[in-house]
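Ready to work through a protein fold by hand? Grab a viewer, try each exercise, and then compare your reasoning with the worked solution.

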Amino acid sequence: MSNDWIVDYLQPRLTRNGPEHLSRQLYRQLRELIRLRRLAGGSALPASRALAQTLRLGRNTVLSAYDQLAAEGYLESRHGSGTYVCDAFGDAAPQPAQADALPRQLSLRGQALANASRLPARKLGAFVPGQPELELFPHKQWQQCLSRRQRSAPLAWLHYQHQGGLPELRAILSRYLHLTRSVRCQPEQVVIVPGAQSVLTLLAQLLAEPGDTAWIEEPGYTGAQAAMLAAGLRCQAIRVDEQGLRPDPAADPPRLIYATPAHQYPTGAVMSLPRRLELLAQARRHDSWIVEDDYDGEFCYASAPLAALQSLDQDGRVIYVGTFSKVMFPGLKLAYLVLPPELVDPYRRCQARLQGEGSYLQQAAVADFIEQGHFARHIRHMRELYQRRQQLLRHAVEQCLGSALPLHGGDAGMHLLAELPDGFDEWELQAEAAERQLWLRPLARHFLDTPYRNGLVLGYAGIADHAMRPAVQQLADLLETRLK
């Protein structure tokens with residue numbers, strides 16, 4: 001059979017002066033013909049010289065495409081005979097997908113994890129929770145720290161790392177946490193990690209068996225729910241009240257307890273001292289680990305930042321987690337944890353193997369940023385700014401909505417919880433708000449079980465002062481008919 005049809009097929013499909021090299025285009029077109037069995041096994045291809053002349057290509061271009069196809073097992077060269085299609089696919093034509101075929105499905109654990117990991121289509125606009133003020137970050141000082149470290153970075157920082165983080169930064173964080181949060185630790189207990197979410201996932205895998213129980217705050221942080229589900233744990237919702245997580249004596253004994261004592265997410269409750277002691281007693285009784293997520297504890301307005309739960313721990317059961325995402329910027333992807341001594345080495349080794357360590361150049365720049373005082377000044381500045389913006393939000397809500405939208409929380413953090421009437425459709429409101437460039441977080445999203453209260457999580461830290469009143473007015477316009 002003549003090979004003229006191959007030339008006729010290829011000629012209009014090769015784009016000259018395009019971004020993709022002609023040899024690559026030729027390789028792709030021939031590979032597709034073979035894969036679809038239009039070039040059956042045993043078929044002879046045109047000689048490279050003849051094909052090059054007919055297509056007005058360099059012979060090396062054709063040889064390069066042939067060689068690549070031969071290396072991948074599509075073609076074979078027969079000495080003295082030519083180039084032939086290998087019989088890799090057999091003679092059967094490709095079968096179309098059956099209309100009634102069952103769709104491919106995730107595992108049951110995968111389905112639960114995907115449901116717990118739903119992401120917003122967009123995360124811009126007013127009221128995004130946890131969004132820090134980025135325009136006022138001291139970018140110049142940060143860039144200077146980065147540039148100086150870049151010029152003097154040792155070659156070792158370019159290799160894979162398994163130390164648990166730059167020793168210099170670990171020592172600085174050990175001192176900082178002791179002075180600001182009363183955390184009791186040695187530098188060797190501090191591990192630098194590529195984001196707080198990765199910490200929760202790895203801790204759940206290291207410290208619990210599939211099927212073990214994890215206590216999760218209800219309502220609570222969805223990232224913690226996803227991390228526990230990813231490790232195969234059975235999440236049990238433990239309600240929170242105005243004093244934070246409320247341990248339930250009737251609940252199943254937990255292997256892990258996830259808590260946000262300094263500023264419960266999303267209700268904003270600050271865990272009282274009696275409740276903290278009760279939680280530690282429960283952990284001792286059940287031989288449990290407590291993961292203390294101190295995600296935005298630096299921003300405390302009623303008093304100085306509270307001492308960490310870890311500072312009360314006498315049994316080495318509390319694992320303290322902190323992050324730079326809120327106090328610096330989310331794109332840094334840098335967090336840290338303080339581990340009991342016996343967990344440091346296994347966690348460090350597993351992190352190096354499963355997740356890898358973050359950039360030591362960035363860690364060195366963060367160390368300089370802290371040591372030179374930029375970090376503390378920025379936190380003080382943001383604490384004052386966020387407190388003012390919270391007051392602006394409260395004042396605007398009172399002016400626009402009166403008492404129709406009660407606000408809860410506010411002693412710390414970067415968001416408030418707005419209370420909505422029972423039966424309110426938070427999801428419909430979220431969809432309508434998005435059309436007005438408002439980002440509303442339904443409280444229902446934070447429940448494992450059936451939601452028992454309605455509300456909105458309103459972030460205020462990233463809203464410019466002049467934009468607060470207009471944003472609240474838009475929210476009021478959306479709520480006006482619904483709250484009557």
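The exercises below go through the sheet, the helices on it, the cores and the aromatic pairs of this predicted model.

**Exercise 1. Work out the strand order of the open sheet, and find which strands stand at its edges.**

Solution. Start by walking across the sheet from one side to the other. You should pass eight strands in the order 3-10-9-8-7-4-5-6, and the pairing is mixed. Now look at the two ends of that walk. Strand 3 (190-193) and strand 6 (244-245) each have a single partner strand, so one side of each is left without a neighbour in the sheet.

**Exercise 2. Describe how strand 10 pairs with strand 3 and with strand 9, and say where its side chains point.**

Solution. Take one partner at a time. Strand 3 runs antiparallel to strand 10, with four bridges between them; here Val191 stands opposite Leu337. On to strand 9: four bridges join this strand to strand 10 too, again antiparallel. In that pairing, Tyr320 has Val338 as its bridge partner. Last step, the side chains. Ala335 and Leu337 point one way from strand 10, while Tyr336 and Val338 point the other way, and all of them are buried.

**Exercise 3. Strand 5 (residues 234-241) meets strand 6: how many bridges join them, and which residue stands opposite Asp241?**

Solution. Count first: there are two bridges, and the strands run antiparallel. Then trace across from Asp241, and you land on Gly244 in strand 6.

**Exercise 4. Find which strands helix 8 and helix 11 lie across.**

Solution. Begin with helix 8 (residues 196-207). This helix lies across strands 3, 7, 8, 9 and 10, and runs at about 160° to strand 9. Next comes helix 11 (residues 341-354), which lies across strands 3, 8, 9 and 10, at about 20° to strand 3.

**Exercise 5. Locate the largest nonpolar core and name the residues with the most contacts inside it.**

Solution. This core has 68 residues, and the ones with the most contacts inside it are Phe127, Trp142, Phe324 and Met328. Which element gives the most to it? That's helix 13, with nine residues. Don't mix it up with another core lying apart from it, made of 33 residues, including Val191, Leu200, Ala214 and Ile319. Finally, zoom in on Trp142: beyond its neighbours within four places in sequence, its contacts include Phe137, Met328, Phe329 and Phe369.

**Exercise 6. Classify the ring pair of Phe137 and Phe329, then the pair of Phe324 and Phe375.**

Solution. You need two values here: a pair of aromatic rings is described by the distance of the centres and the angle of the planes. There are 12 aromatic pairs in total. For Phe137 and Phe329, the centres are 5.3 Å apart and the planes are at 75°, so the pair is edge-to-face. Phe137 is in the loop between helix 5 and helix 6, and Phe329 in the loop between strand 9 and strand 10, so the pair ties together parts 192 residues apart in sequence. Phe137 is buried, at 4% relative accessible area.

Now Phe324 and Phe375: with centres 5.9 Å apart and planes at 70°, this pair is edge-to-face. Phe324 lies in the loop between strand 9 and strand 10 and Phe375 in helix 13, so parts 51 residues apart in sequence are tied together. Phe324 is buried at 1% relative accessibility, and Phe375 is buried at 3%.

**Exercise 7. Find the rings that Arg13 and Arg239 sit over.**

Solution. The charged end of Arg13 sits over the Tyr9 ring, 3.8 Å from its centre. Arg239 lies over the face of Tyr452, 3.7 Å from the ring centre.

Notes:
Residues are numbered from 1 along each chain as its sequence is written. This is a predicted model: local features need pLDDT of at least 70, side-chain atom pairs count only at pLDDT 80 or more; totals for chains, interfaces and linings use all residues. Side-chain values use heavy atoms; hydrogens and water are left out. Rings of Phe, Tyr and Trp (its six-membered ring) pair if their centres lie within 6.5 Å; planes under 30 degrees apart count as stacked, over 60 as edge-to-face and the rest as tilted. Buried means under 20% relative accessible area, exposed over 50%, partly exposed in between (1.4 Å probe, protein chains only). A charge sits over a ring if NZ of Lys or CZ of Arg is within 6 Å of the ring centre and within 35 degrees of the ring normal. Two strands pair if DSSP finds at least two bridges between them. Contact means heavy atoms within 4.5 Å. Axes are lines fitted to C-alpha atoms, for helices over the stretch in contact, and angles run from 0 to 180 degrees between N-to-C directions. A nonpolar core is a set of buried Ala, Val, Leu, Ile, Met, Phe, Trp, Tyr and Cys residues joined through side-chain atoms within 4.5 Å.
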